[in-house]
Amino acid sequence: ATKGFTIMLRLSIFCLLASLLLSGCGDKIKPDVVPKKGVALVRMTQWQEPWFAKRIQKWPGTKKIALETESYQTLQELPELLKKSLKDEREAPYLFVKIEGRMLPTLIEQKLLYPLEKLVPAGETPRWRKELDGRGLAPAFKDGYTWALPRKIENHIFGYRSYYVRQAALYWSSMRDEIDEIFKLENGKGLPEGYTLESSPEMWDVYDLAVAGYYWSRTRIKGNKAPRLGHRTKDYPGTYVDIAARLFSLGGTPEDLVKVRGQALVDFLTWEAFFMRYGLYHRSMVEPGWFGGDTYRAFRDYSLLALTLHQVDAIQFHRQFGPKGEEEQSGVAFAPMYKGVSLELSDKGQPKRVGSRRTHLAGWWWGIPSSCPCPRLALELLEYILSREFQQEECAKFGNYPVRMDLLEDVTTAFPEKWMQTVFKISERQFEEDCFPIPDERLTHRKEAIALFDLWRKVMNHPKLMDKSVPLSALGIAKMVEQTN
């Protein structure tokens, strides 16, 4: 069995045993009181919510209760909305809520969700234990209970313009001497011993990304020479996710992320400084900064030739900006994340620190608010939403990574188109690299997240950053990290 499947199996067995022991135990849940109308509290895109609001009307339970959706605007306001619903009796109470993964610990700790095993008759195995992926169940399992059910799980993969990757692999050697020279200025040795740019990004590490980025920035593409790499940088959750993915690939941990510390963070910031110093990054990343939409538009317009993104975004992007209507040779392709390595080389001429392709585990979950007057009925609705038929439709339409075991075993059912299956398989391989959960930077670790963003900007705005007579090692990045703690 693969590493990912083994982990999933162990988690599933552990959670199953725990749920069997605890099912029906603890405080009794009052009988359901079914109101005339109930609300699904969601946060979805403008094209997802109308489909979802219409699709849940097919649930047989609508004979008992009318359903409608209501949106919350920011993730930070969700706990307050759920607390308020405990105090104020709503005419149309919340039946269930859509939860971003990093919010789960906060909502569980504050007892704002129902422990789902308490809604299942004693001795009965919950359906979700038999039907859903253990990787999606594990993040919502705490103190012997399941507090939410997964809607989708996701991780970072690498997207690129295949034609320009091939061009870089073919012709980068014409710039080899100047590339080797700039690396020699920064690491004292130059390119790694025996280096060549691999033609397949599935074999890439950070050095390959840097070499390809250098070649692209010095080559006339779509009429101009310009940087062709970048990522999200605005002070918002998307940037935190991007930084986390890179930090984890360099050997960092969630604790390093939260405490803004460690060699992996130093290596990450050193590479960031390198990419900016040598014109591989767009300066507009720093000011005014980029949201996710900015990176996707830049990729669409060839201002970026490579980027990291979630597999669901990869599918949506491919649908909008794939090979259709343009030359096939410059189409969009995907691969697992490139491997994290240090800019610093060892005495043998190889990266001194070698990480992995590890990234993060993210996703969205469904939970039942503890204020819900009819939690058993709400659980029936969640089971309907997580049924094979419902999820098959949702995955095919929006590109969500399935959380049902039967759909994972037959990817053609969830993703009928071959290119969608390819993206899914890449994401599955990325999960096999192992993934860390990302801490919540908005509530429990907001101060530390601000410190991390400020540290990145401090490096990017260093007065000596663009002075190539001063090696990056002299900028004192390690000391900046140390002083942040």
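This section describes aromatic pairs, charges over rings, cysteines and selected secondary-structure elements in a predicted model.

The structure holds 29 aromatic pairs. In one of these, formed by Phe183 and Tyr207, the ring centres lie 4.9 Å apart and the planes meet at 40°, so the pair is tilted. The pair joins distant parts of the chain: Phe183 belongs to helix α8 (residues 176-187) and Tyr207 to helix α9 (residues 206-217), with the two positions 24 residues apart in numbering. Both Phe183 and Tyr207 are buried.

A pair with another geometry is made by Trp271 and Phe275. Here the ring centres are 5.9 Å apart and the planes stand at 85°, so the arrangement is edge-to-face. Trp271 and Phe275 are four residues apart in helix α12 (residues 263-277), which means that about one helical turn separates them. In general, an α-helix has 3.6 residues a turn, so residues three or four places apart point the same way. Trp271 has a relative accessible area of 4% and is therefore buried. Phe275, at 3% relative accessibility, is likewise classed as buried.

Ring pairs also connect several aromatic residues into a cluster, whose members are Trp51, Phe52, Phe96, Trp366, Tyr384, Phe390 and Phe398.

Charged side chains are found over aromatic rings as well. Arg161 lies over the face of Phe299, 5.1 Å from the ring centre. At Tyr302, the charged end of Lys222 sits over the ring, at 4.4 Å from its centre.

The loop between α8 and α9 contains Gly194. With a relative accessibility of 68%, Gly194 counts as exposed. The C-alpha atom of Gly194 is 9.1 Å from that of Gln350, although 156 residues separate the two along the chain.

The count of disulfides is zero. For Cys372, the closest cysteine sulfur is that of Cys374, at 4.1 Å; this is too far for a bond, because a disulfide requires the two sulfur atoms to be within 2.5 Å. Cys372 is buried, at 3% relative accessibility. Cys395 is also in no disulfide, and the nearest cysteine sulfur, in Cys435, is 18 Å away. The relative accessible area of Cys395 is 1%, so this residue is buried.

Strand β8 (residues 306-310) is mostly covered, with five of its five residues buried. Burial extends to both faces of β8: Ala306, Thr308 and His310 are buried on one side, and Leu307 and Leu309 on the other. Strand β8 pairs with strand β7 (residues 156-161) in the antiparallel sense, over five bridges. Among the residues involved, Ile157 has Leu309 of β8 as its bridge partner.

Helix α20 (residues 446-460) has 15 residues. At 1.5 Å a residue, α20 should span 21 Å, and its end C-alpha atoms are 21 Å apart, so the expected span and the model agree. The buried residues of α20 are Ala449, Leu452, Phe453, Leu455, Trp456, Val459 and Met460. These residues cover an arc of only 155° around the axis and therefore lie on the same side of α20.

Definitions and conventions: Residues are numbered from 1 along each chain as its sequence is written. This is a predicted model: local features need pLDDT of at least 70, side-chain atom pairs count only at pLDDT 80 or more; totals for chains, interfaces and linings use all residues. Side-chain values use heavy atoms; hydrogens and water are left out. Rings of Phe, Tyr and Trp (its six-membered ring) pair if their centres lie within 6.5 Å; planes under 30 degrees apart count as stacked, over 60 as edge-to-face and the rest as tilted. Buried means under 20% relative accessible area, exposed over 50%, partly exposed in between (1.4 Å probe, protein chains only). A charge sits over a ring if NZ of Lys or CZ of Arg is within 6 Å of the ring centre and within 35 degrees of the ring normal. Two strands pair if DSSP finds at least two bridges between them. The expected span of a helix is 1.5 Å times one less than its number of residues. The arc is that of the directions from the helix axis to the C-beta atoms.
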